Amino acid sequence: AVSSLPVMTIAELKRHDGSDEALPIYTSSCGFVFKHKEFFSSYHGRDVTFRHVLHSRHISIDLNDDGGKSPFPRLSQLEPSGLTYALHYRDRFMHKAG
């Protein structure tokens, strides 16, 4: 159950950005944290939900990226295409993380 998952702060997530080889690399999407090395280093140690929403809207990620910082988009307030895109990536991370 989701309620049994450990809680991680944004500061704790940031520590898992690949700069310390002793720590695994974590990425967060749609409120879930995943342990695996993502191809894009810009995903390391941060939440990428907003990045995916921008990408789904064809908005420049480089010019508008929030750096994975709060406040995060509320999934319940996203337009259907942005929500579907963000959830697709969350599911992709779940699959890759095992």
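Let's start with one histidine: H36 is buried, with a relative accessible area of 11%. In this predicted model, H36 sits in the loop that runs between β2 and β3. Leaving aside residues up to four places away in sequence, H36 touches I25, F93, K96 and A97. For a sense of distance, take G67: H36 and G67 are 31 residues apart in sequence, and their C-alpha atoms are 19 Å apart in space.

From that loop, it is a natural step to the sheet. Strands of a sheet pair through backbone hydrogen bonds, either parallel or antiparallel. Here the sheet is open and has 3 strands in the order β2-β1-β3, with mixed pairing. The edges are taken by β2 (32-35) and β3 (46-47); each has a single partner strand, so one side of each is left without a neighbour in the sheet.

The mixed pairing can be followed strand by strand. Strand β1 (residues 26-29) and β2 run antiparallel and are joined by 4 bridges. Along this pairing, Y26 has K35 of β2 as its bridge partner, while S28 is matched with V33 of β2. The hairpin that β1 and β2 form has 2 residues between the strands, and C30 takes a positive phi near 55 degrees there. With β3, by contrast, β1 pairs in the parallel sense, over 2 bridges. S28 turns up again here, standing opposite D47 in β3.

What about the two faces of β1? In a regular strand the side chains alternate between the two faces of the sheet. Both faces of β1 are covered: Y26 and S28 are buried on one side, and T27 and S29 are buried on the other.

Part of the surroundings of the sheet is helix α4. This helix packs on the sheet and touches β1 and β2, and its direction makes about 40 degrees with that of β2. With 18 residues, α4 reaches 25 Å from its first C-alpha to its last, close to the 26 Å expected at 1.5 Å a residue. Which residues of α4 are buried? They are G82, A86, Y89, R90 and F93. These residues cover an arc of only 100 degrees around the axis, which puts them on the same side of α4. They pack against β1, β2 and α2 (49-56). The face of α4 turned away from this buried side carries the exposed residues P80, T84 and H95.

Helix α2 is the next stop. Of its 8 residues, 6 are buried, so α2 is largely enclosed by the rest of the structure. The buried residues are T49, R51, H52, V53, L54 and S56. The elements that cover them include β1, β3, α3 (61-64) and α4. Just after α2, H58 takes a positive phi of about 60 degrees.

Finally, let's look at the aromatic rings. A pair of aromatic rings is described by the distance of the centres and the angle of the planes. The structure holds 5 aromatic pairs. One of them is formed by F40 and Y43, with 5.4 Å from centre to centre and 50 degrees between the planes, a tilted arrangement. The two partners differ in their exposure: F40 is partly exposed, with a relative accessible area of 41%, whereas Y43 is buried, with a relative accessible area of 6%.

Y85 and Y89 give a second example. Their ring centres are 5.3 Å apart and their planes are at 50 degrees, so this pair is tilted. How far apart are Y85 and Y89 along helix α4? They are 4 residues apart in α4 (residues 80-97), and so are separated by about one helical turn. Y85 counts as partly exposed, at 23% relative accessibility, while Y89 counts as buried, at 18%. The cut-off matters for this pair: buried means under 20% relative accessible area, and so Y89 at 18% is classed as buried.

These rings belong to a wider group, as F34, F40, Y43, Y85, Y89 and F93 form one aromatic cluster. Two of its members have appeared before: Y89 and F93 are among the buried residues of α4. F93 also brings us back to the beginning, since F93 is one of the residues that H36 touches.

Terms used. Residues are numbered from 1 along each chain as its sequence is written. This is a predicted model: local features need pLDDT of at least 70, side-chain atom pairs count only at pLDDT 80 or more; totals for chains, interfaces and linings use all residues. Side-chain values use heavy atoms; hydrogens and water are left out. Rings of Phe, Tyr and Trp (its six-membered ring) pair if their centres lie within 6.5 Å; planes under 30 degrees apart count as stacked, over 60 as edge-to-face and the rest as tilted. Buried means under 20% relative accessible area, exposed over 50%, partly exposed in between (1.4 Å probe, protein chains only). Two strands pair if DSSP finds at least two bridges between them. Contact means heavy atoms within 4.5 Å. Axes are lines fitted to C-alpha atoms, for helices over the stretch in contact, and angles run from 0 to 180 degrees between N-to-C directions. The expected span of a helix is 1.5 Å times one less than its number of residues. The arc is that of the directions from the helix axis to the C-beta atoms.
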